[in-house]
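Welcome to this short tour. Please open your viewer, choose a cartoon display, and follow along one stop at a time.

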Amino acid sequence: MLDALQTALYQLEHFADGLVSTQLTHLTPLSVGIIFGAGLLTSLTPCMISMLPITIGYIGGYEAKTRWQAAIQSTWFALGLATTLAGLGIIAAIVGKVYVGKDINNRQSKKPLR
């Protein structure tokens with residue numbers, strides 16, 4: 001049963017990857033919506049949900065006088081968080097490639113890990 005679940009999740013991952021890749025090569029309003037939805041789904045992972053108290057504390061800690069000011073502060077926080085996480089991801093990819101010596105796209109096996 002666990003093997004079947006792992007295989008189904010693996011196939012779903014490849015389907016979603018192909019869908020997003022296709023949408024990125026042919027940008028339309030629908031593709032922007034699909035990519036936006038995929039981004040929202042990735043924000044529901046356990047790693048990002050753990051950031052919720054920090055986000056609420058940061059945004060709630062500032063007393064904005066207007067909604068516009070609150071929106072600007074929230075946007076700067078989101079951009080800063082996204083930039084930081086993207087930078088850390090790039091560093092992790094470079095370090096992984098240097099120490100492991102393999103590109104993640106050139107894996108030996110296309111089967112899910114068990």
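A helix crossing is called left-handed if the near helix is turned anticlockwise from the far one by less than a right angle, and right-handed if clockwise. Keep that in mind for the second stop. Also remember that you are looking at a predicted model.

**Stop 1: the whole chain.** Colour the protein chain by secondary structure. You will find 5 helices and 0 strands, and from the N terminus on the elements run α-α-α-α-α. Now switch on the surface. The accessible surface comes to about 9,700 Å², and 71% of that area belongs to carbon and sulfur atoms. Of the 114 residues in the chain, 4% count as buried.

**Stop 2: a pair of helices.** Select residues 2-25, which form helix α1, and residues 29-42, which form helix α2. Which way does the crossing of α1 and α2 turn, left-handed or right-handed? Rotate the view and try it: the crossing is left-handed. The two axes come within 9 Å and cross at roughly 140 degrees. Angles over 145 degrees would count as roughly antiparallel, so α1 and α2 are oblique to each other.

**Stop 3: a glycine.** Next, select G60 in helix α4, residues 52-61. G60 has 61% relative accessibility, so this residue counts as exposed. Add S74 to your selection and draw a C-alpha to C-alpha distance: the two are 9.9 Å apart in space and 14 residues apart in sequence.

**Stop 4: a nonpolar patch.** Finally, select L85, L88, I90, I91, I94, V95, V98, Y99 and V100. Together they make a nonpolar surface patch of about 940 Å². Zoom in on I90, which lies in helix α5, residues 67-100. Is I90 buried or exposed? I90 is exposed, because its relative accessible area is 52% and the cut-off for exposed is over 50%.

Terms used:
Residues numbered from 1 in each chain as written. Predicted model: local features only at pLDDT ≥ 70, side-chain atom pairs only at ≥ 80, totals over all residues. Heavy atoms only, no water. Patch = residues over 30% accessible without salt bridge, like charges linked within 9 Å, V, L, I, M, F, W, Y side chains within 5 Å. Areas by Shrake-Rupley, 256 points an atom, 1.4 Å probe, with all protein chains shown as cover. Salt bridge = Lys/Arg side-chain N within 4 Å of Asp/Glu carboxyl O. Helix = DSSP H or I, 4+ residues; strand = E, 2+ residues; numbered from the N terminus. Buried < 20%, exposed > 50% of the residue type's maximum accessible area, 1.4 Å probe, protein only. Axes fitted to C-alpha atoms, helices over the stretch in contact; angles between N-to-C directions. Parallel < 35°, antiparallel > 145°, perpendicular 65-115°, else oblique.
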